[in-house]
Amino acid sequence: MAGVWRVGITAVAGRMGRALVQAIVAHPELQLVAAIGRSGAAYLGEDAGRLAGVQALGLPVTADLVGALADLDVLIEFGPVEAALAHIAACVAAAKPVVVGTTGFSVDQRAELENASRHIPLVLAPNMSVGVNVLLAFLPAISAVLGEGYDVEIVEAHHRHKMDAPSGTALALGRAVATGRGQRLDEVQCLDRNGIPGPRMAGSIGFATLRGADVVGEHTVWMAGTGERLELTHRASSRLNFAEGALRAASWLRNRAPNLYDMQDVLGLKDLTALQ
Ligand SMILES: NC(=O)C1=CN([C@@H]2O[C@H](COP(=O)(O)OP(=O)(O)OC[C@H]3O[C@@H](n4cnc5c(N)ncnc54)[C@H](OP(=O)(O)O)[C@@H]3O)[C@@H](O)[C@H]2O)C=CC1
Ligand SMILES: O=C(O)C1=N[C@H](C(=O)O)C[C@H](O)C1
């Protein structure tokens, strides 16, 4: 059995950062060795466990990512886009693997991540839950069978603080539908309906965004055919399922070669989809 795998968490005071600290204390094979917060934040120096609402861990929150990287095996990143890109560049410089859960990257920023993954193993997934990834695995096959005659709309709901829209998961679901139909999402997506948009464009994939209060994250793929409608819904009721997925990805990265991986790789779902 390999030894303990030393993990660092950035954006540790955030909703996901705190969920990750809560989750990691229950994993004997993972050890939290670095809790990294925003430079200048009032909570720097506080105990990472106490900040997350669990037992004291004797680990003060630091802003020194470069110093922390020297002493860890894998970094978990759920910071805002610009901060995440800087943190990933630091991982490349330190030759450390990284799990990235941040959403909202532009096409160019995604290319930066692809470039980073030529140097380090990198798991990138807009949603770390098992349920969403099972849906992503089967959606291309379902969409291929239904075909473009079924109108697809993707509805997502999140808490009022969420920065990006549509969610990274909604876009990934849209991409899975487009893949199954032999389309490119950027050519068929409808992100906005306003004024008099006219009849629905055949074969398009629509997105609708809801924001409110403390909703953790809900996604429905709504597939309307003549005389019937299929709705595939995932509801997250706690961030701990995302945190558990990120920890699973962090463990899975042990001894991997540099590459861009996703949760389908981590969960072995690519083998499963090959059987379809
Ligand atoms: N892949 C997945 O499964 C999931 C992905 N996400 C994604 O994770 C990301 C974070 O979500 P969430 O935790 O809700 O966000 P929060 O807003 O709760 O947390 C963001 C954290 O980033 C910190 N931060 C802000 N600016 C900087 C900076 N310049 N440098 C370093 N740290 C900074 C903030 O620090 P401070 O507290 O000091 O302001 C805060 O702690 C989003 O992109 C979200 O979409 C979320 C859930 C699941
Ligand atoms: O910001 C969030 O909270 C979430 N973001 C992810 C996304 O954009 O898809 C995943 C999850 O739904 C929660």
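1. In this predicted model, helix H1, spanning residues 15–24, is the element that gives the most to the shell around ligand 1, supplying three residues. The shell as a whole comprises 23 residues, and the closest to the ligand are Ala11, Gly14, Met16, Ala83 and Gly101. By class, the shell divides into 11 nonpolar, 10 polar and two charged residues.

2. The domain assignment splits the protein into domain 1, made of 5–124 + 239–274, and domain 2, made of 130–236. Their centres, taken over C-alpha atoms, are separated by 27 Å. Domain 1 brings 12 residues to the contact and domain 2 brings 11 residues. On the side of domain 1 that touches domain 2, helices H9 (240–252), H10 (263–267) and H11 (269–274) each supply at least two residues. That side holds five nonpolar, six polar and one charged residues.

3. The UniProt record, an unreviewed entry, places the feature "active site" at His158 and Lys162. His158 lies in strand S6, residues 151–158, whereas Lys162 is found in the loop between S6 and helix H7 (168–181).

4. The two annotated positions also merit a comment on burial. His158 is classed as buried because 25 other C-beta atoms lie within 10 Å, and the cut-off for that class is 20 or more. Lys162 has 17 C-beta neighbours inside 10 Å and therefore counts as partly exposed.

5. Leaving aside residues up to four places away in sequence, His158 touches Ser167, Arg211, Val215 and Gly217.

Definitions and conventions: Residues are numbered from 1 along each chain as its sequence is written. Chains are lettered from A and ligands numbered from 1 in the order in which they are written. This is a predicted model: local features need pLDDT of at least 70, side-chain atom pairs count only at pLDDT 80 or more; totals for chains, interfaces and linings use all residues. A residue is near a molecule or strand if its C-beta atom, placed from the backbone, lies within 6 Å of it. Helices (H or I, at least four residues) and strands (E, at least two) are DSSP runs, numbered from the N terminus. Ala, Val, Leu, Ile, Met, Phe, Trp, Tyr, Cys and Pro count as nonpolar, Asp, Glu, Lys and Arg as charged, and the others, Gly among them, as polar. Domain bounds come from an automatic or database domain assignment. Two residues are in contact if their C-beta atoms, placed from the backbone, lie within 7 Å. UniProt positions are given in the numbering used here, feature names are shortened, and annotations may be inferred rather than shown by experiment. A residue is buried if 20 or more other C-beta atoms lie within 10 Å of its own, exposed if 12 or fewer, and partly exposed in between; C-beta atoms are placed from the backbone.
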